[in-house]
There are 2 protein chains.
Amino acid sequence: MANYLTERSQKILEAIIEEYIATAQPVGSKALTLNLGIKLSPASVRNVMAELEELGYLTSPHTSAGRIPTEKGYRFYVDSLLRISDLDVRQKDQIELKYRQQGLQMADMLREASRTLSTVCHYTGLVMVPRLKTTIFRHIEFVKLSPRQVLAVFVTQSGLVQNKLIDVDEDLHPRDLEKITNYLNKSMTGLSIQEVRARIIAEMAEEKALFDHLLRRAFVLSSAALVDEATGDVIIEGTSHFLEQPEFADLPHMKRIVQTFEQKSILVDLLDRGLEAKGVQVIIGSETAYSELADCSLITAAYSGKRGTLGTLGVIGPYRMPYSTIIPIVDYTANLISRLLDTDND
Amino acid sequence: MANYLTERSQKILEAIIEEYIATAQPVGSKALTLNLGIKLSPASVRNVMAELEELGYLTSPHTSAGRIPTEKGYRFYVDSLLRISDLDVRQKDQIELKYRQQGLQMADMLREASRTLSTVCHYTGLVMVPRLKTTIFRHIEFVKLSPRQVLAVFVTQSGLVQNKLIDVDEDLHPRDLEKITNYLNKSMTGLSIQEVRARIIAEMAEEKALFDHLLRRAFVLSSAALVDEATGDVIIEGTSHFLEQPEFADLPHMKRIVQTFEQKSILVDLLDRGLEAKGVQVIIGSETAYSELADCSLITAAYSGKRGTLGTLGVIGPYRMPYSTIIPIVDYTANLISRLLDTDND
DNA sequence: GTTAGCACTCCATCGTCTTGAGTGCCAAAA
DNA sequence: TTTTGGCACTCAAGACGATGGAGTGCTAAC
């Protein structure tokens, strides 16, 4: 037996996968020859199916059922068989419409992206919020909340607002805080956070000699404010779509998945993987390396601002998923968000 | 037949409800006399049960099953029978522990509250974020994002950060923005938002005469920044607990509920109802007035800061719920949050 | 290499039967 | 008058078995 697939085998594999994606039912040889474009007898198809099963692309739940794709089958399908169609204009409009409203700031936009992905794809939408370190410094502000607590409010170039509570060990005068604020805003605006951090460290070293107490505190404060939280944040929308999937009908299973979402950390990890990749990434089942998501697939794409990649967004669903329609949607959304972040706020 | 309940009837009703809450199974007359503290024969109990059914406190799924409480039954139970025990020390500790960490700002604290409610109660936790209008002005900042866009960042007394994108029709110079910022911070700090708004309107009227262009813009900007979004925000944690409830085993039903959560608006409405109320509120089933939540109960309590009620928090679950343990937890959490908001940040 | 035919497998479905928990009612007991 | 034991009745749930049908693998013919 050949260990590569003839064109005919590929055609049949493709037909099976697409039929299974559409119906969630095991596909039999007869159905293939009748409704789908296979011009062979059921017997011949059966031979090919047996071969595909041997090679690990298909499996059958029991002897008298049809075949269903394995993970390997999906992977081959996504890598080799899938023809990604362009998004039709209507869908583009549907997506773009959501961002038309005025006065959408970045956080709202990302949430909207997640929601739109979810409703358009009928799966769960995911958007990773940009990490602090990938953003550009625009403005910082220190607000004194109590004698020992200062709230740092930090605005990035793209209008994302992050804030952080800082415990201080001396009672700073509001006037001093103002001075610090002014100094930082004057000298740091437009730099990336990494540059800002580097600069702070450099100037602090220098500062040792000069010993300007106030300036010193400015640096301490701002470096505290700009510490990157290790854990990124994910915006999840449309968890309820999972409840539509027949493969997750049993509650304990379902529950494990929803809990995984609530924890977020696993999703952060998975989305992080798409950060360096170009274009759309597909992670199928066990490729996630998390048993909780063994029968889920993620489709992700990175979005970027003026200065490179900011984060990733995508969709998660069962691994029986209409990849050919979802992939372009995710791709288009990522590009759209990138475009919006680029033209806005300059 | 009496239309009030004898003490014996009440005892039996109570026993049935508590048994049903514990097991989710219809309760029969035999079980009551055997395991629970009813010292009567099954036959007598049956008489009472028939009576309770006639009065609308109980119902039976079919003739040969036991009885289950109706909504009216639960309502009577909550109003008249329930003895709310104090929270035991261990649980208090378990809750309080979560807030021990340093540097928790308000938003984090509210999220933590929702999460803790969820894990301690094994239901879904809800926390309503304070409305802008109930908070006290501490600091405002305008950051120019583009020639026509200004980001207003607004910090409340308790350290909650809200931000809003404002479209402006003239290109403001950063120096002007700074002046505006300074002016507002000097004159408005410590006032409630309502006072701030009143003051702005008053000064704007006066301003017409004086016509200081800059000041005028300050007022326009800040009133735009302080417009209260009509829709409050709710922090929902632990949706997955819903999947544990046997009464929501069928997926379409479950899905409707989860979708209701995702929409949030209904939850906002329900939580709003608890704003003026003192102490813990229980909303059972159809009392929610939303058919989607016809078999859910909410237990809510208001939390407050230095100057009155800020918002509400609570728990939502099936209406078969151990009210006697949940109510004190919600109560305690609301008080705890109030205390933390009060002593912090002064 | 392809196809028709055929025996075989096994799940899903349906009706039947049984079981048992629980009820309502009545008459006897307290 | 209230309580209780007894008894016939009801009905869901589970077990069992038969049936049907979709699908397979294999073999022999085309």
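A strand, as the word is used in these legends, is a DSSP run of E with at least two residues, and strands are numbered from the N terminus. Keep in mind that everything shown here comes from a predicted model.

**View 1. B:Gly125, a glycine tucked inside chain B.**
Let's start with one residue. B:Gly125 sits in strand S3 of chain B, which covers residues 124-128. Is B:Gly125 buried or exposed? B:Gly125 counts as buried, because its relative accessible area is 0% and the cut-off for buried is under 20%. Leaving out residues up to four places away in sequence, B:Gly125 touches B:Ser114, B:Leu117, B:Ser118, B:Ile235, B:Ile236, B:Glu237 and B:Gly314. If you go looking for B:Tyr290, you'll find it 165 residues from B:Gly125 in sequence and 19 Å away in space, going from C-alpha to C-alpha.

**View 2. A:Thr124 and its neighbours in chain A.**
Now hop over to chain A, where A:Thr124 belongs to strand S3 (residues 124-128). A:Thr124 is buried, with a relative accessible area of 0%. What does its side chain reach at 3.1 Å? That would be the backbone oxygen of A:Gly238. Once residues up to four places away in sequence are set aside, A:Thr124 still has plenty to touch, including A:Ser118, A:Ile236, A:Glu237, A:His241, A:Phe242, A:Phe261 and A:Val315. A:Gly238 is on that contact list too.

**View 3. Strand S4 of chain B and its hairpin partner.**
Here the focus is S4(B), residues 137-146. Nine of its 10 residues are buried, so the rest of the structure largely encloses this strand. Strand S5 of chain B (residues 149-156) runs antiparallel to S4(B), and eight bridges join the two. To find your way, look for B:Phe137, which stands opposite B:Thr156 in S5(B). Two residues link S4(B) to S5(B) in a hairpin. A handy thing to remember while looking at strands: in a regular one, the side chains alternate between the two faces of the sheet.

**View 4. Strand S9 of chain A, paired with S8 and S10.**
Strand S9 of chain A spans residues 296-305, and eight of these 10 residues are buried, so S9(A) is largely enclosed by the rest of the structure. Which strands does S9(A) pair with? One is S8(A), residues 280-284, which is antiparallel to S9(A) and joined to it by five bridges. Within this pairing, A:Val280 has A:Ala301 as its bridge partner. Another is S10(A), residues 308-318, also antiparallel, with 10 bridges to S9(A). There, A:Ser304 stands opposite A:Thr309. S9(A) and S10(A) make a hairpin with two residues between them.

**View 5. The protein surface around DNA strand C.**
Time for some DNA. There are 19 residues around DNA strand C, and those that come nearest are A:Arg8, A:Ser44, A:Thr63, B:Ser29 and B:Arg67. Of the DNA strand C atoms within 4 Å of the protein, 76% belong to sugar and phosphate. A:Arg8 has a polar side-chain atom 2.8 Å from a phosphate oxygen of DNA strand C. Backbone atoms get involved as well: a polar one from B:Ser64 is 3.3 Å from a sugar or linking oxygen, and an N or O atom in the backbone of B:Ala65 also lies 3.3 Å from a sugar or linking oxygen. Helix H3(A) makes the largest contribution to this surface, with four residues. By type, the surface residues split into four nonpolar, 11 polar and four charged.

**View 6. The protein surface around DNA strand D.**
DNA strand D has 18 residues around it, with A:Ser29, B:Arg8, B:Ser44, B:Thr63 and B:Ser64 coming nearest. Sugar and phosphate make up 73% of the DNA strand D atoms within 4 Å of the protein. A phosphate oxygen of DNA strand D lies 2.8 Å from a polar side-chain atom of A:Ser29. What about the bases? An N or O atom in the side chain of A:Arg46 is 3.1 Å from a base oxygen, while for B:Arg46 the distance to a base oxygen is 3.3 Å. H3(B) gives the most residues to this surface, four in number.

**View 7. Chains A and B, superposed.**
Rotating chain A by 180°, with 0.0 Å of shift along the axis, lays it on chain B with an RMSD of 0.0 Å. The two copies are therefore related as by a two-fold rotation axis. Both copies use the same surface, as 100% of the contact residues of chain A recur in chain B.

Methods:
Residues are numbered from 1 along each chain as its sequence is written. Chains are lettered from A and ligands numbered from 1 in the order in which they are written. This is a predicted model: local features need pLDDT of at least 70, side-chain atom pairs count only at pLDDT 80 or more; totals for chains, interfaces and linings use all residues. Side-chain values use heavy atoms; hydrogens and water are left out. Buried means under 20% relative accessible area, exposed over 50%, partly exposed in between (1.4 Å probe, protein chains only). Two strands pair if DSSP finds at least two bridges between them. A residue is near a molecule or strand if one of its heavy atoms lies within 4 Å of it. A polar contact is a pair of N or O atoms within 3.5 Å; within protein, one must be able to donate a hydrogen and the other to accept it, and residues adjacent in sequence count only if both atoms are side-chain atoms. Copies are superposed by least squares on the C-alpha atoms of residues with pLDDT of at least 70 in both. Contact means heavy atoms within 4.5 Å. Ala, Val, Leu, Ile, Met, Phe, Trp, Tyr, Cys and Pro count as nonpolar, Asp, Glu, Lys and Arg as charged, and the others, Gly among them, as polar.
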